[in-house]
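Here are a few exercises to work through with the model open beside you. Try each one before you read its solution.

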Amino acid sequence: MKRSLISSALAASLVALTALQTASAQLFPRGNGLALADVDRFDMYVQILDWVDIEQDQTTFRLSTLKEFEEQLAEAGIRRQAASRDYLVCALQARQQDNEVTYSTSLEYWQLESTGPHRLIWQQSRLADSPARRFDAERVAADCAGVLIAEWQRWNNT
């Protein structure tokens, strides 16, 4: 009886350990940055998901951020290629209260498929705040570009 309980407990522990190992292997970005190896051309887009009480024009800000994002990546050797299957999205959510802007950026690397669902390969998010007068396209682009450049350089000789 005692041996059977120990065997059952051991079996349950092994199943739980296997499940944990499988789950941790599927978490990303850990390890998925390897997908950035030998990829130096991406199509790029800046998406504004939330824009609450921000005094700046949303469309102008988005286009300026995209231009800055592209320029910052180009300095690291990462180029824009329209219609590439390798696709970067810098997603932004921002809210202003009084003279403070709280915002989050999420950089997503997608592989686009001509048929079937697109695949999210890698993602990194950041949360920050800024005085409203200093919240600009260059700052947001630097948040998105910075996380990609750091990971990209790990997998590419520069």
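**Exercise 1: the two sides of a helix**

Work out how the residues of H2 are split between an exposed and a buried face.

Solution. Start on the outside: Lys67 and Glu75 are exposed, and they sit on the face of H2 turned away from its buried side. Keep in mind that this is a predicted model. Now turn to the buried set, with under 20% relative accessible area as the cut-off: Phe61, Arg62, Thr65, Leu66, Phe69, Gln72 and Leu73 make the list. Look down the axis of H2 and these buried residues fall within an arc of 140°, so they line one face of the helix. As a reminder, an α-helix has 3.6 residues a turn, so residues three or four places apart point the same way. Last step, the partners: the buried residues of H2 pack against E1, E2, E3, E4 and H3.

**Exercise 2: the ends of H2**

Find what flanks H2 on either side.

Solution. Go to the N-terminal end, which Asp57 caps, with a side-chain oxygen 3.4 Å from the backbone nitrogen of Thr59. Then jump to just after H2, where Gly77 has a positive phi of about 95°.

**Exercise 3: the sheet**

Trace the strand order, then place the helices on the sheet.

Solution. The open sheet has five strands in the order E2-E1-E3-E4-E5, and the pairing is mixed. Its edge strands are E2 (79–80) and E5 (119–131), each pairing on one side only. H2 packs on this sheet, touching E1, E2, E3 and E4, and its direction makes about 145° with that of E1. H3 (residues 137–155) lies across E3, E4 and E5, at about 40° to E4.

Methods. Residues are numbered from 1 along each chain as its sequence is written. This is a predicted model: local features need pLDDT of at least 70, side-chain atom pairs count only at pLDDT 80 or more; totals for chains, interfaces and linings use all residues. Side-chain values use heavy atoms; hydrogens and water are left out. Two strands pair if DSSP finds at least two bridges between them. Helices (H or I, at least four residues) and strands (E, at least two) are DSSP runs, numbered from the N terminus. Contact means heavy atoms within 4.5 Å. Axes are lines fitted to C-alpha atoms, for helices over the stretch in contact, and angles run from 0 to 180 degrees between N-to-C directions. Buried means under 20% relative accessible area, exposed over 50%, partly exposed in between (1.4 Å probe, protein chains only). The arc is that of the directions from the helix axis to the C-beta atoms. A polar contact is a pair of N or O atoms within 3.5 Å; within protein, one must be able to donate a hydrogen and the other to accept it, and residues adjacent in sequence count only if both atoms are side-chain atoms.
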